[in-house]
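Open the model in your viewer and keep the selection panel at hand. We will go stop by stop, with something to select at each one.

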Amino acid sequence: MTPYATRRAHLISQMQAKGGGVAIIPTAETAARNSDADYPYRHDSYFYYLSGFTEPDAVIVLVAGGNNSPTIQSQTLLFCRDKNPEREIWDGFRYGPEAARTTFGFDAAYSIDALNSEMAKLLANSPALFAPLGNSTKLDAQIQGWLQAVRQQSRIGISAPTAMHDVYTILNEMRLFKDENEIALMQRAADISAEAHNRAMRFTQPGMYEYQIEAELLHEFRKNGAQFPAYTPIVASGAHACVLHYNANNAQLKDGDLILIDAGCELDSYAADITRTYPVNGRFSGPQKALYELVLAAQHAAIATAIPGKRYSEIHAAAVRVLAQGMLDIGLLNKNTVGTLDDVIAKKTYQQFYMHGTGHWLGLDVHDVGTYREATLDPASEGQEKPWRHLQAGMVLTVEPGVYVRPAEGVPEQFWNIGIRIEDDVLITDNGNHVLSQTAPTSVAEIEAMVRNK
Ligand code: MG
Ligand code: ZN
């Protein structure tokens, strides 16, 4: 069984546990960029997770016979584009339903043109529809049409589904736990991305432009088979590093500046997400080094906390504790006015210099799906928020503390315009964790050596 077939079977069994029904998972639509030119096509992550199929205009339909409906047989269906010799001359190969069925292991496959008529048949007497709820006006309109077609047959004794479930909620929980196949792909995506960061470090010299460094990253991604950058790379030198989502990437690198690079590739649909910060001239200044080593210490504390049994929120808390203490020690925060470490944490005073979270789930999407809190409220905490969920083997997340110092009164001038982030991709394992992106160094000595040894 392919991993995709295993996941389809798993989804069907969960639909059965809810009484069975029909699930529909469409892929993404193409999007026009301007006349006659589309944006590069990227299939939908949920659809790909269940199929491995990358063509547009396709829909997965799963039928799950429930315990109460023994006559309904479970089956997996794919709707896709027909073969079209003329279009294939222009746009390239299409599987067509028959070849797609055998290649991707579905029980049956149909032309996408047959979707409306087949759905009306499949939904007849089905107890429930499992669909993405409120995600697409196009799909919502299609669902309305199918249900109306089924209801029109009520006089001959056919019933329409009486329940709707959000299929993404089920899939989000499945996608949060990576299987062996996914972990291998994510390791490779992280290896390629780490090597791209190393390439950028070796290439960097004062006087270059940020986009030239970006080109080195993209070169390394594509050279190794990655289909896309997983997100627009951030290549931010000097004060630009304090703009969290900077991506103009057009400034000249100045001797004495740091450069912050946040970039990862997407390999076979899986993302890497790595940030490194290093001196353009290969040598940290005193203030740069002090802040860099603070962020690195915070990252080490956070990664040490990313182990089974800890709650998700403890990673951020560990990073914040180290950063806040460092801000007091270094003098970014004035001990005489902000109070103790616990005051700084409780009042979130540290947010002047560290204003984002310490990570996110990583997978098919760079900010991957999955809840960060438990599904149910702790009965002992009536009226409170649901507790943060426990970390478990198979989860993959980023750990990315930073410090960003904008010029401000009371902030020592030697730290102004320094922006630092260090981000790694971490797989939670049975007895700890594994840093997927560890081949891109983070220590001051290794980084300085890599930038200087061209
Ligand atoms: Mg990132
Ligand atoms: Zn990230």
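Start with Gln-227, which is partly exposed at a relative accessible area of 36%. Bear in mind as you look around that this is a predicted model. Gln-227 sits in the loop between H9 and E9. Show its surroundings and, leaving aside neighbours within four places in sequence, you will find Arg-222, Glu-266, Leu-267 and Asp-268 in contact with Gln-227. Now add Ser-269: Gln-227 and Ser-269 are 42 residues apart in sequence, yet their C-alpha atoms are 8.0 Å apart in space.

**Helix H9**

Next, select residues 210-223, which make up helix H9. With 14 residues at 1.5 Å a residue, H9 should span 20 Å, and its end C-alpha atoms are indeed 20 Å apart. Which residues of H9 are buried? Colour Glu-210, Ile-213, Glu-214, Glu-216, Leu-217, Glu-220 and Phe-221 to see them. Turn the view to look down the axis of H9: these buried residues fall within an arc of 155°, so they line one face of the helix. An α-helix has 3.6 residues a turn, so residues three or four places apart point the same way. On the other side of H9, Arg-222 and Lys-223 are exposed.

What does the buried side of H9 pack against? Select helix H8 (180-203), strands E9 (228-229), E10 (234-237) and E12 (265-267), together with E11 and E14, to show its partners. Before leaving, look just after H9, where Gly-225 takes a positive phi of about 95°.

**Strand E11**

One of those partners deserves its own stop. Select residues 258-263, strand E11. Six of the six residues of E11 are buried, so the strand is largely enclosed by the rest of the structure. In a regular strand the side chains alternate between the two faces of the sheet. Here both faces are covered, with Leu-258, Leu-260 and Asp-262 buried on one side and Ile-259, Ile-261 and Ala-263 buried on the other.

Bring back E10, which pairs with E11 in the antiparallel sense over four bridges. Along that pairing, Ala-236 stands opposite Leu-260 of E11. Then add E14, which runs antiparallel to E11 and is joined to E11 by six bridges. In this pairing Ala-263 stands opposite Ile-274 of E14.

**The metal ions**

Stay on E11 and show the side chain of Asp-262, buried at 7% relative accessibility. Which residues donate to the magnesium ion (ligand 1)? Asp-262 gives two OD entries, Asp-273 an OD and Glu-423 an OE, at 2.0 to 2.5 Å from the ion. Their spacing in sequence is D-x10-D-x149-E. Asp-262 lies in E11, while Asp-273 lies in the loop between E13 (270-271) and E14 (274-279), so the pair ties together parts that are 11 residues apart in sequence.

Now centre on Asp-273, which is buried with a relative accessible area of 4%. Asp-273 bridges the magnesium ion and the zinc ion (ligand 2), which lie 3.0 Å apart.

**The nonpolar cores**

For the last stop, select Leu-11, Ile-25 and Leu-171: of the 118 residues in the largest nonpolar core, these touch the most other members. Around Leu-11, beyond its neighbours within four places in sequence, the contacts are Ile-25, Leu-50, Leu-62, Val-167, Ile-170, Leu-171 and Met-174. Finish with a second, separate core of 22 residues, including Phe-79, Leu-129, Val-150 and Ile-158.

Definitions and conventions: Residues numbered from 1 in each chain as written. Chains lettered and ligands numbered in written order. Predicted model: local features only at pLDDT ≥ 70, side-chain atom pairs only at ≥ 80, totals over all residues. Heavy atoms only, no water. Donors = N, O, S within 2.8 Å, 3.2 Å for Na, K, Ca; no water. Helix = DSSP H or I, 4+ residues; strand = E, 2+ residues; numbered from the N terminus. Buried < 20%, exposed > 50% of the residue type's maximum accessible area, 1.4 Å probe, protein only. Expected span 1.5 Å × (residues − 1). Arc of directions from axis to C-beta. Contact = heavy atoms within 4.5 Å. Pairing = 2+ DSSP bridges. Core = buried A, V, L, I, M, F, W, Y, C linked by side-chain atoms within 4.5 Å.
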